[in-house]
Amino acid sequence: MIVPAGLSSSAAVAVALVVASLHLAVAAGARAAGQPSFRGGDIAGGGGPCALAVAPLGYPCEEHQVTTADGYILSLQRIPRGRGGGWAAGGRGGGGGARAGQPVLLQHGVLVDGMSWLLASPEESLPFILADRGFDVWIANNRGTRWSRRHVSLDPSSRLYWNWSWDDLVVNDLPAMVDFVCRQTGQKPHYVGHSMGTLVALAAFSEGRVVDQLKSAALLTPVAYLAHITTPIGILLARAFVGEIISDFLGVAEFNPLAPPVTSMIRAFCRRPGANCYDLVGSITGKNYCLNSSAVDVFLKYEPQPTSTKTMVHFAQTVRDGVLTKYDYVLPERNIASYGQAEPPVYEMSNIPAGFPLFLTYGGRDSLADPADVRLLLEDLRGHDPDKLTVQYLEQFAHLDFVIGVCAREYVYKDMIAFFDRFN
């Protein structure tokens, strides 16, 4: 791989690390000296999300595990009902002994895990809001993150463990988790995804996966196209093929934003004249409308999380190419070996079943899920059954407002729950 003129390989790597980690790694790198090093979670020892973030607030919580077809052991947390053993006002069902309510599966974005849904107060965090409304809440954790670092035969220290992109989440992780929730509850769940959680779902739906096992899907800041991102560093990343540089030249299979090589490079970037990395949060995600500093501080106690470098390369390809495809191995012979054709297959959004209920919500200030890119997705969905498609546009919102914004309950979750209620 040739580094573009005017961009040294070391500068390109530093840029890639900042961009790929988005707002999370930037902030973490600037504060790395005060952050704990990343370690895998010990759910069996009682240190999982249930014990850390759910049970102390008075909610019941269960830890579950599911194994994918390719051997990754994923963690899921279940909050089967609200506080007090029964249903809160406006909920469904009877008392504490009643059958659990309508299930809903929450899927996080890239470089975070399921904890990202649980870090605000019960009045502001989506899982608690749903549980108090009588929903049976399931929280997913992608492979490679703190609570999902096990495999039937591979160790996370090996390169083979990290040999996957988000294509593998489409084919293996999402179907495994949806099937598990269906079997455990005897019901079809609703689905909620944020950022990459929407990308994986949309790609799966376009291939006819899991749509028959879900009642509906709510997509917060939906990502199918990335051609219009307005983050200057992100554009530079895409043009520089930096992800391939990291993967091919440095041999980095795991992209861990808290690893010393990454944080040291980010700190070096942050020391450059005019670079204020804490301010870069807004410049990368867009100016968030209802975040407060305490929410960001709590967020950074638990995030970011690792992913595969291959996933970051895949994102860079999506930005550069303007089309949502499977992972591009660049060499035609490798694509032919993987897909039977020289170019990677395209995920056709127009193939999403027209009768599948979709709730899409996006923000006018989002620099990652740019409104222009969301409109491209909506154009693909123009043949969707209008009774099964609800679109919400919030001019003031940016990328993080939908998950940790203190006003998301009023602006987003209330309408989303009303949408779910139509299909319960």
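Modeller: Before we start, contact here means heavy atoms within 4.5 Å. Bear in mind too that this is a predicted model.

Colleague: Good to know! Leaving aside neighbours within four places in sequence, which residues is Ser 195 in contact with?

Modeller: Ser 195 sits in the loop between strand E6 (190–194) and helix H6 (196–206). Its relative accessible area is 10%, under the 20% cut-off, so Ser 195 counts as buried. With neighbours within four places in sequence set aside, its contacts are Gly 109, Leu 220, Thr 221, Val 223 and His 399.

Colleague: Let's follow that last partner. Is His 399 buried or exposed?

Modeller: You will find His 399 in the loop between strand E11 (389–394) and helix H15 (401–404). Its relative accessible area is 2%, and the cut-off for that class is under 20%. His 399 is therefore buried.

Colleague: Where does UniProt place the feature "active site"?

Modeller: That comes from an unreviewed UniProt entry, and the annotation may be inferred rather than shown by experiment. The entry puts the feature at Ser 195, Asp 366 and His 399.

Colleague: And how far apart in space can two C-alpha atoms of those residues be?

Modeller: In sequence the three positions span 205 residues. Even so, they gather at one spot in the model, because no two of their C-alpha atoms are more than 11.0 Å apart.

Colleague: On to charges, then. How many salt bridges does the structure hold?

Modeller: Happy to count them for you. One of them joins Arg 382 and Glu 379, with an N to O distance of 3.4 Å. Arg 382 is exposed at 63% relative accessible area, while Glu 379 is partly exposed at 44%. Salt bridges that share partners also join Glu 62, Arg 78 and Asp 136 into one network, and the total for the structure is 13.

Colleague: Which parts does the salt bridge between Asp 173 and Arg 143 tie together?

Modeller: The side chains of Asp 173 and Arg 143 meet at 2.5 Å, N to O. Both residues are buried. They are 30 residues apart in sequence, so the bridge ties helix H5 (residues 166–185), where Asp 173 lies, to the home of Arg 143, the loop between strand E4 (136–140) and strand E5 (150–151).

Colleague: What separates Arg 183 and Asp 179 along helix H5?

Modeller: These two form a salt bridge whose closest N and O atoms are 2.9 Å apart. Arg 183 is exposed, at 54% relative accessible area, and Asp 179 is partly exposed, at 30%. Because they are four residues apart in helix H5, the separation is about one helical turn.

Colleague: Now the interior. Which element gives the largest share of the largest nonpolar core?

Modeller: In soluble globular proteins, nonpolar side chains tend to be buried together. Here the largest nonpolar core has 56 residues, and Leu 105, Trp 166, Phe 205, Met 349 and Leu 358 touch the most other members. Elements giving two or more residues include strand E2 (72–79), strand E7 (216–220) and helix H12 (309–321). The largest share, 10 residues, comes from H5.

Colleague: One last thing: how many residues are in the other core?

Modeller: Let me first place Leu 105, which touches Leu 76, Trp 138 and Met 177 among others, not counting residues up to four places away in sequence. Apart from the largest core lies another one, with Ala 53, Val 54, Val 104 and Ile 129 among its members, and its size is 38 residues.

Note on methods: Residues numbered from 1 in each chain as written. Predicted model: local features only at pLDDT ≥ 70, side-chain atom pairs only at ≥ 80, totals over all residues. Heavy atoms only, no water. Salt bridge = Lys/Arg side-chain N within 4 Å of Asp/Glu carboxyl O. Buried < 20%, exposed > 50% of the residue type's maximum accessible area, 1.4 Å probe, protein only. Core = buried A, V, L, I, M, F, W, Y, C linked by side-chain atoms within 4.5 Å.
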